[in-house]
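Let us walk through this structure step by step, starting with the overall make-up of one chain and then turning to individual helices.

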Amino acid sequence: MTEARDPLKGAHDPLPIASPRPAEDLDGFQPMALRDPFEAFLGPFYTETAENDGLERREAFRVDDRHVDAHGNLHPGMLMTFADAIVGGTAWHATGRRPCVTLSLQTRHTGTAKAGDLVTATTRLTHKTRAIVFCGADFFVDGTLICQVTSLWKVLGEA
Amino acid sequence: MQSPRTTQQYAGFEPYIGPLEQVPDGDGGFALRFTIAPQHLNGADMLHGGMMMAFAAIVLAGTARAAADTDVEALAVNCDFTGPGKLGDVVTGRASVTRRTRTIVFLSCEIKTGGVQAGDESAPRLLMTATGVYKVARP
């Protein structure tokens, strides 16, 4: 289960964890402050610099040699990890920044990516009840859809 | 049947997030195991959902590859989170083929912890159930 988190949340939170690879300058994106060790281990990840409501955001990561399978294609598990990180941000924002955990996540793979490709994603909020958030994201390389994700999140402490 | 590719045979995602260890399975099937290490955690010090899903995807694909006797591509993976994992837990994943056609393999997978190590008498606990649909690579 993943704790939802806000990539830009305040100074009272734990310090961000450095990723093993340096962040690059990307037009329209800034590095996320990653506080989950597993995300930092696979990062850097990027979030858009443009103003947004936290629900529909653009996010990105650059595929490198740590993220690929034996054929040099983006490993589905890497995409799922990135998806979990970013739809968790949408769940967090949708609940007024309350702790949430992943209940389920579904992927539909329509393509792949190679090392060096920039994977961009757009998150969305589909529906929200007091206890459950329905959200998802689409993933692209150079404008081509490579994966669609839907996900359910539980708001901790709500029945 | 071709033996499933182990995680040591190439540089990339699987060895990077591992080590993942192939373990004998009673039915002559395919099971993988890893021990939750600090890099696998989330900000709440529990097993990160991404690592759990990545592990399920690796178990599903390895089982599909063995069933198809050739390479496979993920079409769909569905993961349900049924329980948390913590640092030091030994996690085991097994998948079974639900149906195989000439072009498609359907599978289901369970990720568990507890009661899997010699001397560990704790009851097995389910962390995740997952299903996958894989396309058999064209020859």
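In this predicted model, chain B is built from two helices and six strands, and, read from the N terminus on, its elements follow the order α-β-β-α-β-β-β-β. Chain B has 139 residues, of which 44% count as buried. When contacts in chain B are restricted to residues at least 6 apart in sequence, 63% of them join residues that are at least 24 apart.

Within chain B, helix α2 covers residues 49–68, and its 20 residues reach 28 Å from the first C-alpha to the last, which is close to the 28 Å expected at 1.5 Å a residue. How is this helix placed relative to the rest of the structure? Because 20 of the 20 residues of α2(B) are buried, with 20 or more other C-beta atoms within 10 Å of their own, the helix is largely enclosed by the rest of the structure. Just after α2(B) comes B:D69, a residue that takes a positive phi of about 60°.

Chain A also offers a helix to follow, namely α2 of residues 76–94, whose 19 residues should span 27 Å at 1.5 Å a residue; the end C-alpha atoms of this helix lie 26 Å apart, which agrees with that expectation. Here 19 of the 19 residues are buried, so α2(A) is largely enclosed by the rest of the structure. Just after α2(A), the residue to look at is A:G96, which takes a positive phi of about 65°.

Conventions
Residues numbered from 1 in each chain as written. Chains lettered and ligands numbered in written order. Predicted model: local features only at pLDDT ≥ 70, side-chain atom pairs only at ≥ 80, totals over all residues. Helix = DSSP H or I, 4+ residues; strand = E, 2+ residues; numbered from the N terminus. Expected span 1.5 Å × (residues − 1). Buried ≥ 20, exposed ≤ 12 C-beta atoms within 10 Å, placed from the backbone. Contact = placed C-beta atoms within 7 Å.
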